[in-house]
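Got the viewer open? Here is a short tour, stop by stop, with something to select at each one.

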Amino acid sequence: MNNPSEPSPSSEIRPADALAELALNLRWSWHHAHQELWGRLEPELWEHTHNPWIVLQTASRQKLDTALADPDFRRLLDQLLQEKREAEQAATWFGATHAEAPLHTIAYFSMEYMLSEALPIYSGGLGNVAGDQLKAASDLGVPVIGIGLLYQQGYFRQEFDSSGAQQALFPFNEPGQLPIKPLRDESGEWLRLPLALPGLRLWVRTWQVQVGRTVLYLLDTNDPANPPAYRGITSELYGGGPELRLRQEYLLGIVGWRLLRALGMRPEVCHLNEGHAAFAVLERARSFMADNHASFEVALQATRAGNVFTTHTAVEAGFDRFAADLMEKYFKVYAEKGLGISIAELLKMGRMNPDDGAEPFNMAFLALRGSGSVNGVSRLHGEVSRRLFQSLFPRWPHEEVPVGHVTNGVHVPTWECLHANELWNMASGRDRWKGELDTVEQEVRGLSDPELWQLRANGRRNLIEFTRKRLGRQRASQGASGEEVAAATQVLDPDTLTLGFARRFATYKRPNLLLHDPERLASILTSRRHPVQLILAGKAHPQDAPGQAMVKQWNDFIRRPDVCANVVYLSDYDMLLTQQLVEGVDLWVNTPRRPWEASGTSGMKVLANGGLNLSELDGWWVEAYRPDIGWAIGDGKEHGDDPAWDAAEAEQLYGLLEQQVAPEFYERDDRGVPRRWVARMRESMACLTPQFSANRAVREYTDEHYLPAAMAYCKRARDQGKLGVDLSIWRRTIEAHWARVRFGAVTVTTEGGEHRFDVQVYLDDLKPEWVGVELYAAGVDGGAPVRQPIQSREALVGSAGGYVYSGRVPAERAASDYTARMIPFHSDAMVPLEASEILWQK
């Protein structure tokens with residue numbers, strides 16, 4: 001709060017400029033007080049758009065003057081401006097814990113970002129993760145810079161026709177109505193970057209989005225100086241064919257890195273959020289070549305240590321692939337003149353079999369081969385990803401394929417409702433998501449049963465009110481009668497158990513599992529003793545006919561007279577709708593086919609608002625589920641698309657709803673509080689909300705990936721890449737001699753509770769210090785495998801390159817459990833990521 005004796009912040013600048021300063025910083029998207037400010041200027045416009053920049057441009061001068069003359073409005077404006085400026089100057093978690101670290105900039109590349117409905121440049125989960133991580137980086141002070149694309153149409157908008165079939169619409173994103181601004185150079189000129197494509201030169205416009213402390217830079221080709229066909233490179237997200245996708249990914253990775261260079265930035269770390277951005281690997285290496293007069297090989301060795309690759313794909317078909325002739329069209333000149341290599345050498349980086357000229361170029365393979373750290377987005381997805389990339393590491397055990405995991409989390413301040421925010425403030429303070437979360441769990445457990453149940457009641461009531469209004473507009477846009485539009489005000493009940501199901505409608509997500517037995521579902525919904533209501537949302541890709549058929553199937557079911565008051569399918573699933581759903585649903589239902597849900601974040605969003613989860617044991621729920629905090633279906637195994645298993649899980653789902661979920665919700669004490677349900681709420685909020693927050697995820701990325709990557713990159717880049725040169729020599733030498741490396745005799749003696757192994761090895765011309773020899777034993781009962789390094793003891797008499805390696809292991813296991821193996825070794829190399837050779841004793 002301002003000191004009355006000091007001038008207010010808005011008095012120091014023109015009030016209109018103060019409003020613009022707030023409107024053009026997306027910090028407002030996760031601070032509830034801003035909603036009151038913008039809602040006062042244009043209430044209806046704010047309700048439909050949640051875009052303060054549109055509100056500010058639409059409001060008349062008279063409205064602005066009236067609002068600014070209102071002491072309450074002016075006081076709120078001053079407060080928000082003061083809070084923003086104080087936040088920009090406040091100490092941060094990163095500054096307090098890593099001030100001396102060699103990490104000043106992390107360049108974060110993603111095809112999409114879900115930051116606000118005011119900036120519709122997202123499709124779903126990938127953008128959700130990217131947007132939430134940018135916001136958490138702002139809260140924590142982690143020096144992240146985002147790079148993305150500004151789409152003229154973004155992802156499609158959804159409506160239903162009168163028959164309930166999905167219709168795809170593509171409204172235009174008018175940049176002047178988005179909370180962004182042109183990026184200008186020091187002279188004030190709009191920064192436009194040249195882009196050379198086959199046969200012509202294009203201009204790429206640049207934009208700046210302020211996300212709290214963090215900045216997101218966006219690129220687009222809709223420049224009037226470009227030919228019409230090329231202005232549409234950034235026309236839509238995930239639209240068009242392979243050539244459009246290749247152009248977009250060229251723009252994101254290569255021009256995105258060039259933008260950072262044009263701004264004078266030299267990021268230590270480059271984070272590739274999915275393989276779409278993998279071309280940044282090449283441009284980063286090219287920049288290093290220019291700065292240090294290095295070869296591409298050395299430049300890649302130096303820079304890859306600073307690249308972090310996060311894969312979100314759970315099936316091999318999900319990787320972007322491009323035909324060789326298409327790659328040659330766009331990259332032949334770039335490879336030869338920019339990188340100093342042939343197009344054939346470049347194509348090898350994106351192939352499983354580098355010598356197969358017919359194999360398409362795989363962007364995930366390029367990302368992995370160009371990075372020093374690779375991770376999936378949940379523990380289970382890490383296991384799945386190790387299987388997907390196993391082919392790049394032949395003969396290595398599955399568990400040693402170099403893919404870890406950082407489980408996704410959501411930016412809680414974005415998804416918690418106003419009432420939840422007030423409760424969390426009371427329990428854990430206003431700054432709870434800006435640092436460590438060690439005390440949050442215990443603090444939330446102090447909230448009383450009535451407080452928690454009131455949170456649920458308020459959220460459900462708000463959701464029902466929102467749903468009725470939106471459904472009325474939806475029916476009106478479908479051409480429904482006045483009676484049908486008016487009937488929307490009567491659907492659902494604010495005291496009934498409310499389920500939410502909102503997903504992309506794709507077959508692997510099984511959005512129709514609840515419809516497996518329509519009569520059984522209808523019986524659950526219309527139970528007189530334990531009634532249930534369901535709110536659905538979700539889009540099917542315009543090219544996904546099976547997904548669209550499932551949309552139609554649900555709309556047909558909803559028209560049944562016996563269930564039409566208990567089920568609503570809201571069209572155009574977007575961020576604004578999601579925020580309303582996660583505020584109000586009592587139970588979030590998720591039914592993907594294991595293991596195809598890489599992580600999933602929708603169920604995480606209900607946690608802070610007291611919502612519970614009933615989900616397949618897949619993605620994040622494998623780590624989160626406990627019987628006292630929610631419900632699960634499935635047996636933790638993979639069954640493919642077996643119809644019999646789908647039927648079994650549908651039966652399990654119905655049984656849980658009938659026998660456990662609904663009875664527990666309606667079991668009340670003398671004050672009307674369902675004590676057992678609230679106990680689940682408390683445990684879910686306390687244990688899961690911090691664990692599955694973007695705060696935790698970004699701190700984990702920082703500590704376990706960004707900081708090690710920065711240190712490794714700085715070490716390799718020092719002295720014009722001297723260590724990169726050494727590693728390149730080591731790598732080439734390993735490749736040249738590995739085929740002639742072999743094992744000789746192995747002898748084992750057992751005494752004193754130990755097995756002693758003496759292993760003869762023949763290293764050809766390799767130095768002993770360039771090879772690691774280990775004793776390996778597979779893990780027992782799910783335990784970790786044993787990897788026991790053994791040391792070179794002496795050279796073999798009369799042998800060039802022959803040595804005896806010796807070592808001991810406990811005799812708790814049979815000596816026959818152990819196998820000797822050889823792998824490349826360098827103290828600064830990442831094995832097997834940078835050297836996948838391995839030789840096993842036969």
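**Loops first**

Start by selecting Pro595, which sits in the loop that runs between strand E18 (587-590) and strand E19 (612-616). Keep in mind on the way round that this is a predicted model. Now add Arg594 and look at the bond joining the pair: the peptide bond from Arg594 to Pro595 is cis, and its omega is near 5 degrees.

Next, go to Pro832, in the loop between strand E26 (819-824) and strand E27 (839-840). Is the peptide bond from Val831 to Pro832 cis or trans? It is cis, with omega near 10 degrees.

One more loop: pick Arg395, between helix H17 (379-388) and strand E14 (404-405). Check the backbone here, where phi of Arg395 is near 75 degrees, a positive value in a residue that isn't glycine. For background, most residues other than glycine have a negative phi, and most peptide bonds are trans.

**Two helix pairs**

Select residues 242-262 (helix H11) and 324-339 (helix H14). Their axes are 10 Å apart, and the helices pack at an angle of about 25 degrees. Angles under 35 degrees count as roughly parallel, so that is how H11 and H14 lie relative to each other. Turn the view and you'll find that H11 passes H14 in a right-handed crossing. To see the contact, show side chains for Pro242, Glu243, Leu246, Arg247, Tyr250, Ile254 and Arg258 on H11, then Leu326, Met327, Lys329, Tyr330, Phe331 and Tyr334 on H14. Colour them by type and this contact splits into nine nonpolar and four charged residues, with no polar ones.

For the second pair, select helix H9 (residues 125-140) along with helix H29 (694-737). How do the axes of H9 and H29 cross? They come within 9 Å and cross at roughly 75 degrees, and H9 and H29 are therefore roughly perpendicular to each other. On the H9 side, the contact uses Asp132, Gln133, Ala136, Ala137 and Leu140; on the H29 side, Ala694, Asn695, Val698, Arg699 and Tyr701. The mix in the contact of H9 with H29 is six nonpolar, two polar and two charged.

**Last stop: a pocket**

Stay with H29, which also gives two or more residues to the lining of the second largest pocket. Centre the view on Pro354, Arg369, Arg731, Glu735 and Glu834, the residues nearest the pocket's centre among the 29 that line it. About 1,100 Å³ of space lies in this second largest pocket. Besides H29, helices H13 (296-303), H15 (343-348) and H16 (363-369) give two or more residues to the lining. Which helix provides the largest share of the lining of the second largest pocket? That's H13, with four residues. Colour the lining by type to finish: 15 nonpolar, three polar and eleven charged residues.

Key:
Residues are numbered from 1 along each chain as its sequence is written. This is a predicted model: local features need pLDDT of at least 70, side-chain atom pairs count only at pLDDT 80 or more; totals for chains, interfaces and linings use all residues. Side-chain values use heavy atoms; hydrogens and water are left out. Axes are lines fitted to C-alpha atoms, for helices over the stretch in contact, and angles run from 0 to 180 degrees between N-to-C directions. Angles under 35 degrees count as roughly parallel, over 145 as roughly antiparallel, 65 to 115 as roughly perpendicular and the rest as oblique. A crossing is left-handed if the near helix is turned anticlockwise from the far one by less than a right angle, and right-handed if clockwise. Contact means heavy atoms within 4.5 Å. Ala, Val, Leu, Ile, Met, Phe, Trp, Tyr, Cys and Pro count as nonpolar, Asp, Glu, Lys and Arg as charged, and the others, Gly among them, as polar. On a 1 Å grid over the protein atoms alone, a cavity is a set of points where a 1.4 Å probe fits but cannot get out, and a pocket is an open set with protein on both sides within 12 Å along at least five of seven lines; lining residues have an atom within 4 Å of a point. Grid points are joined across faces, edges and corners, and a volume is the space filled by probe spheres set on the points.
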